[in-house]
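Visitor: I should like a close look at the nonpolar core of this protein. Please begin with the confidence of the model and then proceed to the core itself.

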Amino acid sequence: MEQTTLTIGGKEYPIRFTMAAIQRALKVMNVKPSELAAKAVSPNLEDIMDFTLAVTYAGLVSGHKLTNTGKPMPFNSTEELAEAIDSLSELNPAIELFSAAWLNFVGAGEAGEGDAPGEVQTALPN
């Protein structure tokens, strides 16, 4: 499990993808694990935004719980997080970390090793 930071609006936030973060993302999107990839690569921009915000928010919550015990969460919902985002590409690092964590979690190898089962990556422009 990798932990790093994500820069949003010029400020760095810890981000981490544990099993709890994966579960949180699924709950926020209200999807089953088998539906996750379809949401991630949907041609519908709303699906892409929902996926990206849910995954990022889930990782930020887990990162915050590890590093900022006792301090309030900077974003209390995906809506609050969305207010701080100027471009979807700002969240690409979170999607890449989530994809690697997902592949590791389901035992499908590392992100970028071809067409691994369970792969969940969006193709957002930088």
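Guide: The protein chain of this predicted model has an average pLDDT (the predictor's confidence in each residue, from 0 to 100) of 83, and 83% of the residues score at least 70. Local features need pLDDT of at least 70 and side-chain atom pairs count only at pLDDT 80 or more, whereas totals for chains, interfaces and linings use all residues. Residues are numbered from 1 along each chain as its sequence is written, and side-chain values use heavy atoms, with hydrogens and water left out.

Among the elements, which are DSSP runs numbered from the N terminus (helices H or I, at least four residues; strands E, at least two), mean pLDDT is lowest in strand β1 (residues 3–8), at 84, and highest in helix α4 (residues 78–83), at 95.

The largest nonpolar core, a set of buried (under 20% relative accessible area, 1.4 Å probe, protein chains only) Ala, Val, Leu, Ile, Met, Phe, Trp, Tyr and Cys residues joined through side-chain atoms within 4.5 Å, holds 34 residues, of which Ile8 and Phe98 touch the most other members. Two or more residues each come from β1, β2 (11–16), α1 (19–29), α2 (36–40), α3 (45–67) and α5 (92–105). Helix α3 gives the largest share, 8 residues. Beyond four places in sequence, Ile8 has contacts (heavy atoms within 4.5 Å) with Tyr13, Leu60, Phe75, Leu81, Ala84, Ile85, Glu90 and Leu91.

Helix α3 also contains Thr52, which counts as buried because its relative accessibility is 0%. A polar atom of the Thr52 side chain lies 2.8 Å from the backbone oxygen of Ile48.

Note on methods. Buried < 20%, exposed > 50% of the residue type's maximum accessible area, 1.4 Å probe, protein only. Polar contact = N/O pair within 3.5 Å; in protein donor to acceptor, adjacent residues only side chain to side chain.
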